[in-house]
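The following note sets out several points on aromatic contacts and surface character for your consideration. Please read it alongside the structure displayed here.

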Amino acid sequence: MIIVMKPQASNENVSEISSLLKKLNLDVHISKGSETTIIGVIGDKRVLDDVPLVLMPGVQKIVPIMDSFKLASKTFKPEQSIVDVSGIEIGGDELVVIAGPCAVESREQLLNTANAVKASGAKLLRGGAYKPRTSPYSFQGLEEEALKYMAEARELTGLRIVTEVISEKSIETAYKYVDMFQIGARNMQNFYLLREVGKTQKPVLLKRGLSATIEEWLNAAEYIINEGNYNVILCERGIRTFETATRNTLDISSIPVIKTKTHLPILVDPSHAAGNWEYIIPLTRAVIAAGADGAIVEVHPNPKQALSDGPQSLTPKKFDELCDNVRKMAPLLDRRF
Ligand code: PEP
Ligand code: MN
């Protein structure tokens, strides 16, 4: 449930209620909006049966949260969240494009890609250090060596960096290097991992599971937020359907659904959705038009030689064309790029 405070409620009113709830062993989450403060209450509400909360100073009303996810819901926080990734805002007016190779393969490959995508307009560099591959015989990633190259690319270009984490150990190692963690589609329901990234304050890019409903995806976000990390960005990356012409089916509907159900920002990954570089630009146009806060795409200096996901990787030249498209569209949508 949430406790909606009156617009004129004081900070003392809010802290009086918070301490009462905490004494009753309930979890308290506060969302301060421009008009009013909302107190989210998580836990066994039976302890409140005899507590006349509604009569406490500053309280306007008590409202149950109908969704299965609570802190991710718009009831708890009606205003859009903006996640700050080391100074880059995701979810605000500016569209954000993240680009880079599926996997970091070498220093040269990464630095070449970083310089190119930066020049075209990317704000963050992606690059896999730990690769959760479908086959155990496929390239598994350079691990910490890759993170060192990523950090060097950050130093040289100013691009913020994001990498996928797959275990507690990889979180510990990547923590020192990256600006944002990625939780991959295959780990979206690895609740232990979600709790671990939730214990940090680093932004988390949470990919939608291959066969996850939007509700399951938002509950995965809830696991992270419930640990105290509100810096969650959702990432639609296509789901499994009967269609085989594309690697997955990009669920464009998820964008307006997400915008009505949650305050969290949403990026879209057309690369993993389509599995084919030829579809990336039109799909990016579509998701930006549908209201996504940006996109994350795979770029490789030589896609034919890529150790993973070459067929869906854009050349730097094609990526430049993608950014031109986003730049032209942004003003029509009251956004910047
Ligand atoms: C990736 O981003 O490289 C990746 C493996 O994506 P997903 O988890 O969406 O399959
Ligand atoms: Mn990939």
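1. The model under discussion is predicted. It holds two aromatic pairs. In one of them, the rings of Tyr-175 and Phe-181 have centres 6.4 Å apart and planes at 45 degrees, so this pair is tilted. A tilted pair is one whose planes are neither under 30 degrees apart nor over 60.

2. The two members of the tilted pair should be described separately as regards solvent exposure. Tyr-175 is partly exposed, at a relative accessible area of 43%, whereas Phe-181 is buried, at 0%.

3. In the pair formed by Phe-191 and Tyr-223, the ring centres lie 4.4 Å apart and the planes meet at 25 degrees, so the pair is stacked. Phe-191 belongs to helix 5 (residues 191–198) and Tyr-223 to helix 6 (residues 214–226); the contact therefore ties together parts that are 32 residues apart in sequence.

4. As to accessibility in the stacked pair, Phe-191 counts as partly exposed, with a relative value of 31%. Tyr-223 also counts as partly exposed, with a value of 28%.

5. Tyr-175 has a further contact to note: the charged end of Lys-202 sits over the Tyr-175 ring, 4.5 Å from the ring centre.

6. A separate point concerns the surface. Val-54, Leu-55 and Ile-62 form a nonpolar patch there, and together they present about 290 Å² of accessible area. Leu-55 is placed in the loop between strand 3 (37–42) and strand 4 (59–63). With a relative accessible area of 69%, Leu-55 is exposed, because the threshold for that class is over 50%.

Note on methods: Residues numbered from 1 in each chain as written. Chains lettered and ligands numbered in written order. Predicted model: local features only at pLDDT ≥ 70, side-chain atom pairs only at ≥ 80, totals over all residues. Heavy atoms only, no water. Patch = residues over 30% accessible without salt bridge, like charges linked within 9 Å, V, L, I, M, F, W, Y side chains within 5 Å. Areas by Shrake-Rupley, 256 points an atom, 1.4 Å probe, with all protein chains shown as cover. Salt bridge = Lys/Arg side-chain N within 4 Å of Asp/Glu carboxyl O. Helix = DSSP H or I, 4+ residues; strand = E, 2+ residues; numbered from the N terminus. Buried < 20%, exposed > 50% of the residue type's maximum accessible area, 1.4 Å probe, protein only. Phe/Tyr/Trp six-rings, centres within 6.5 Å; stacked < 30°, edge-to-face > 60°. Lys NZ or Arg CZ within 6 Å of the ring centre and 35° of its normal.
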